[in-house]
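Let's go through a few labels and ask what backs them up. Have the coordinates open and follow along.

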Amino acid sequence: MPFIPHTQADVERMLATIGVDSIETLFGEIPAELRCAPLAGVPEALNEQDILRLMRERADQDGRFLSFLGAGAYEHHIPAAVWELTTRGEFYTAYTPYQPEASQGTLQLLYEFQTMIASLTGMEVANASLYDGASALAEAILMAVRLHGRSRRIVLPESVHPVYRQVANTIVRAQSIELDVVPVGADGVVDVRHVAARMAGAAALIVPMPNFFGRLEAAAELTAAASDAGALSIGLVNPVACAWLSPPGEWGPGCDIAVGEGQPLGVPLSSGGPYFGFLACRRAHVRQMPGRIVGRTVDLDGREAFTLTLQAREQHIRRSKATSNICTNQGLLVTAATIHMALLGPAGLRQVAVTSHANTARLVARLTQIPGVRNAFPGAPVFHEAVLRLDVPVADTLRALEAQGILGGYALGEHYPQLADALLVCATETKTDADIELFATHLERIVSKRRLDPPCAYKD
Amino acid sequence: MLIFEHSRPGRVNPAQIPGATAGGEDLPAVFLRRQPLLLPEVSELQAVRHYTRLSQRNFAIDTHFYPLGSCTMKYNPRAANKAAMLPQFLARHPLAPESTGQGFLACLFELQEILKAVTGMKGVSLTPMAGAQGEFAGVAMMRAYHTARGDSARSEILIPRAAHGTNPATAVMCGYTVREIEVDQQGDVDLESLKKALGPQTAGLMLTNPSTLGVFDRQILEVARLVHGAGGLLYYDGANLNAILGKVKPGDMGFDVIHLNLHKTFSTPHGGGGPGAGPVGVSERLLPFLPVPFVGAHSGQYHWVTEKMRPQSIGRLSAHMGNAGVLLRAYVYARLLGREGMPRVAEYAVLNANYLFKRLMALGFAGAYPARRATHEFLLTLKDLKDTTTITATDVAKRLLDQGFHAPTVYFPLMVPECLLIEPTETESPEDLDAFVDAMADIWSVAHTAPDVLKNAPQKLPVRRVDEVRAARDLDLVWRKA
């Protein structure tokens, strides 16, 4: 039997010790009518060779593409050492460090992670991870409502990732929390005056930086508007951008909570997960934080030691009064991220940000040379994504690019009807001039062909 | 030593850093970072050595027997990791078109079908990212079901006192109040307490079966009849599915909605505290409410089922589709086990637990429910030992660490004093169980002859007992340069 070491002699000896004559007897307390027949819906077992062959075939079937997709998940180079170390059995097969003396490795690593995230976001303290960026935003909203105490309305710019807004709604709506969406302006950012007008009586404001379009919001002014109205501010940031751009702790009076998606820090794209969310905040608010937190302390001999702390916030102690129901989080991804940040260092991570920005600028410059391709927000500063308008149908264009092995970006029309003709593109440090040129060449051919020969023009 | 203490200003790893590009730094100063960034400046070798050494300060399944009750710390097959880390799977962008992910989607679709088969449910969504998020999805579906029927006065979730803390915390996140019900002397749900609690305000009951007391609730069919009779729904917490995998389907017990912990039953790694995956399964009447996206199939092509096709869905729980890499690992594990292997998991998990239970009781340790058959785990109570020797569950746990065993779960469930919840899993050999028994025999004798040895444990680990009170009082959560 796979992964079961027992010999027949073992089984007989163990049954004799227990004092029963068969393994089936051990299930005797289960009502007989509940016992099920063999599982027809489960296929016969494969051995390791056969399952690996099947998985390789399926991986080959999916293939690899030259991708200019971003929209919340970003392709970055991950140093080879990161996952070599992360998949060591001592990290990979440990569990939540409930026994600190037997978990100093994981605990110290989490303490180092908290330190790195706190510095990256410019905040005072950080937790040891949440599930992903979207659920971290939902947890930050719940935290802000607890901290504010009087309001359950959250001001949420339309320039926040649309799926994050959906996830936040799924998670917070049962607690009668209202998500008050502020429309994005024609320049791809929210208007500070519009936001300020909505802040009276609100619990918190979300400030995305960069926002879903890659644009840079007036973060300092927005944070100040929240603060002036007695509301909290929640910075939603890309952690790589924070190495170069002003982090939430520096915005105006300083953000109260910073959250984001940790995937760009050493986590492969992997069809969407596992990733990890991070959450940092002011020290004064730490007792309202969700999730695991590691503290540095001493052992009986006064030696430096690490342990989970402030567990009285958590579900296993506080039960129905916990700050969140979260238990298992994303420890292994945090392991990867910590090693990733240690290898890149401050200069390296900053260089990743700058190079990604520069590559995106080159991509936009090149693609907008193509007749029929325009920058939706010309001249406006972006981080490493940009919105391009096409005067040919976006979906058809993406399909034609896919046939050439290129994923040309994210079609914005589904979530933004006003951008039905627009594409969100991204070029991180992984893209070369040759990649950009290849994309441009194919796009130019596809767009010019469609412009000259619209597929269904006669139906108009 | 912390990684930051290895750091020297100006030390860089050029091999891992992209080259500078001309014209990159063109953003106005107002957008730029002003404060220095506190990341370590270390060489690749220093980082590799530091984190390798940290890893060696951990207990893990790969290095130690890890009988952590209700966590199912079984062997994590390497084939699952190897398959999930194939380069095409790692490189695939979550927003890439379905046409570029048919191989990936096939794995997920088949995993959904396998989970339907083992649970007896009608539909499965893989998107919840851990058990607690699966619980959230499950209770949110219960709420959506009642609301859709106009039955909105149901405001209360019933939870046995022995339940995981995630159950009450989840119910509250879903806008419900929690009412605890009692467990009887034999560890089953107390039917009188249940009957008293049920009423028109009951939205449902959350139950783990086998329970966290390490016993199978024998009256489950009556519990289901009572809850359904009151108009409530029955929620199955799949934390302990390992005990009945392939032997009993939660759907046959009458459960309407369940979550599974793939990092337990389907052997995906626990990773030092995640990632997990908490798929949910539902009966017919809850199908419209499943969280999206999940995988559908049509004419041999796989696609995402989204809110457009499921307007009554409770919605999305993650930015994409959940913990895809965990799901691939669980799929590989399920295929390696196959139809015959599933019930073998439960059989040998239960064999190991009953063997260990019997042998520890023979040493003098007290079972919390000695008359009951152990499931895949069992509960000891050290109350008598503490009364006679002052030795606590913590002392025993710490001494086990010195002897090279990870400690069982301690002080959970909260209702049983000085308890140890022990789950050996099916992948441990009888020799390893016997070695654990020897260690416990030594503890039993030392407790009575030289209790200070236990009070001073551990001695052989990187640190001695950690001052957790100080950790919470003098909060030090972030390192600062001295």
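**Labels and their reasons**

Q: What makes A:Ser271 count as buried?
A: The cut-off is 20 or more other C-beta atoms within 10 Å. A:Ser271 has 27 C-beta neighbours inside 10 Å, so it counts as buried. Keep in mind that this is a predicted model.

Q: What is odd about the backbone at A:Ser271, and where does A:Ser271 sit?
A: Its phi is positive, about 60°, although A:Ser271 is not a glycine. You'll find A:Ser271 in the loop between S7 and S8 of chain A.

Q: Why is the peptide bond from A:Gly273 to A:Pro274 called cis?
A: Look at omega: it is near 0° for this bond, and the bond is cis. A:Pro274 belongs to the loop between strand S7 (257–261) and strand S8 (277–281) of chain A.

Q: Which value goes with the cis label on the bond from B:Phe412 to B:Pro413?
A: Omega again, near 0°. B:Pro413 is in a loop of chain B, between strand S12 (409–410) and strand S13 (419–422).

Q: How do you know whether A:Ala71 is buried or exposed?
A: Count the neighbours: A:Ala71 has 24 other C-beta atoms within 10 Å. Buried takes 20 or more, so A:Ala71 is buried. A:Ala71 is not a glycine, yet its phi is positive at about 60°. Its place is the loop between strand S1 (66–67) and helix H3 (80–86) of chain A.

Q: How do you know that the length of helix H4 (residues 102–119) of chain B agrees with its number of residues?
A: At 1.5 Å a residue, its 18 residues should span 26 Å. The end C-alpha atoms are 25 Å apart, which agrees.

Q: Why is H4(B) called mostly covered, and what follows H4(B)?
A: Of its 18 residues, 14 are buried. After H4(B) comes B:Gly120, with a positive phi near 75°.

Q: How many residues of chain B and chain A are in contact?
A: It's 171 residues of chain B with 163 residues of chain A. Helix H10 (residues 324–363) gives the most to chain B's side, with 21 residues. By class, that side of chain B has 91 nonpolar, 46 polar and 34 charged residues.

Notes: Residues are numbered from 1 along each chain as its sequence is written. Chains are lettered from A and ligands numbered from 1 in the order in which they are written. This is a predicted model: local features need pLDDT of at least 70, side-chain atom pairs count only at pLDDT 80 or more; totals for chains, interfaces and linings use all residues. Helices (H or I, at least four residues) and strands (E, at least two) are DSSP runs, numbered from the N terminus. A residue is buried if 20 or more other C-beta atoms lie within 10 Å of its own, exposed if 12 or fewer, and partly exposed in between; C-beta atoms are placed from the backbone. Two residues are in contact if their C-beta atoms, placed from the backbone, lie within 7 Å. Ala, Val, Leu, Ile, Met, Phe, Trp, Tyr, Cys and Pro count as nonpolar, Asp, Glu, Lys and Arg as charged, and the others, Gly among them, as polar. The expected span of a helix is 1.5 Å times one less than its number of residues.
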